[in-house]
Amino acid sequence: GNGAFGDVWLVKKGGKKYALKVQTINMRILSDLSDLYMRLENELEKSELLGKHGIGPKVLDYYMCTDGNTVNVILIMEYMNYGTLDTYLEVHALTESNKQDILAKMTKMHKLGIIHGDIHERNILVKKKGKKFHFYLGDFGFSKNFNQIKKHKKQVDLESLEYIIDN
C-alpha cells in the first residue's frame, strides 16, 4: 500500500511475511535537514514503543540509505495480514468488540503520553489471528508527546476515532 509519505511492501524471508515501509525523501526540496531527522527519529521512536506495547505493529529493524539527494528510510515491521480498516469495512461491519479493541489501543497510547495526530481508516491496521480480528494503530509520522502540544489534541484524536467507528 502507499500513503502520503511512503510505500509499504509485503516481503518474505524464510517463509515468514513482513511489512517493509519505505519513505523516500528528496533532499533538494527540504529547507531544514535537522527538522527531517527529528521527524524521522520521532516516528521511529513512537513506532518502536507502541509496537512493544501491542498498540502498533512491532518494528523489527530499520535502515537509512542515501543516494545523492535522496534519503530512503526503511522500516521492517510485523505484517498486518488483513490490511487497513477501510479494506476491512468493505467486507465486515465493526462490532462493539472491534470498537472497544480500537478504543483500548488509543487509550493505552494516550496513557503513554502520545497523541497520534492523524487517525483515519488507513492508519488503523487489521490482523487476523485464527478467526479473530485484531486492530492496531499505524503511521506515527504526525504523533507527538503530550508535553509537545496542548492537552485538547487528545480530544481531537478521540473525536476522529469516534467518527471513524460510528460511520
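These legends accompany a set of close-up views of one predicted protein model.

**Figure 1. The whole chain shows four helices and eight strands.** Let's start with the overall layout. Following the chain from the N terminus, the elements come in the order β-β-α-β-β-α-α-β-β-β-β-α. The protein has 167 residues, and 38% of them count as buried. Its accessible surface is about 10100 Å², with 52% of that belonging to carbon and sulfur atoms. If you like contact maps, take the contacts between residues at least 6 apart in sequence: 62% of these join residues at least 24 apart.

**Figure 2. Strands β1 and β2 make a hairpin.** Strand β1 covers residues 7-13 and strand β2 covers residues 16-26; the two run antiparallel and are joined by seven bridges. One pairing to look for is Asp7, whose bridge partner in β2 is Val22. Two residues sit between the strands, and Gly14 in this turn has a positive phi of about 60 degrees.

**Figure 3. The largest nonpolar core brings together 16 residues.** Tyr88, Met109, Ile124, Phe135 and Leu137 have the most contacts inside this core. At least two core residues come from each of α2 (85-91), α3 (96-111), β6 (124-129) and β7 (132-137). Zooming in on Tyr88, and skipping neighbours within four places in sequence, you will find contacts with Tyr82, Ala93, Leu94, Asn98, Val126, Phe133 and Phe135.

**Figure 4. Helix α3 carries a buried salt bridge between Lys105 and Asp101.** This helix of 16 residues spans 22 Å from its first C-alpha to its last, close to the 22 Å expected at 1.5 Å a residue. Its buried residues are Asn98, Lys99, Asp101, Ile102, Lys105, Met106, Met109 and His110. In the salt bridge, the closest N and O atoms of Lys105 and Asp101 are 3.0 Å apart. These two residues are four apart in α3, so about one helical turn separates them. Just after the helix, look for Gly113, which takes a positive phi of about 85 degrees.

**Figure 5. Lys127 and Glu78 link two strands through a salt bridge.** Their side chains meet with an N to O distance of 2.9 Å. Lys127 belongs to strand β6 and Glu78 to strand β4 (residues 70-78), so the pair ties together parts that are 49 residues apart in sequence. Are these charged partners buried or exposed? Lys127 counts as buried because its relative accessibility is 16%, and Glu78 is buried too, with a relative accessible area of 14%.

**Figure 6. Asp139 and Lys21 form one of the six salt bridges in the structure.** The closest N and O atoms of this pair are 3.7 Å apart. Asp139 lies in the loop between β7 and β8 (144-145) while Lys21 is in strand β2, so parts that are 118 residues apart in sequence are tied together. Asp139 counts as partly exposed at 30% relative accessibility, whereas Lys21 counts as buried at 10%.

**Figure 7. Asn123 is a buried loop residue.** You can find Asn123 in the loop between β5 (114-115) and β6. Its relative accessibility is 5%, which is why Asn123 counts as buried. Apart from neighbours within four places in sequence, Asn123 is in contact with His116, Asp118, Tyr136, Leu137, Gly138 and Asp139.

Definitions and conventions. Residues are numbered from 1 along each chain as its sequence is written. This is a predicted model: local features need pLDDT of at least 70, side-chain atom pairs count only at pLDDT 80 or more; totals for chains, interfaces and linings use all residues. Side-chain values use heavy atoms; hydrogens and water are left out. Two strands pair if DSSP finds at least two bridges between them. A nonpolar core is a set of buried Ala, Val, Leu, Ile, Met, Phe, Trp, Tyr and Cys residues joined through side-chain atoms within 4.5 Å. Buried means under 20% relative accessible area, exposed over 50%, partly exposed in between (1.4 Å probe, protein chains only). Contact means heavy atoms within 4.5 Å. Accessible areas come from the Shrake-Rupley method with a 1.4 Å probe; for residues, only the protein chains shown count as cover. The expected span of a helix is 1.5 Å times one less than its number of residues. A salt bridge is a side-chain nitrogen of Lys or Arg within 4 Å of a carboxyl oxygen of Asp or Glu.
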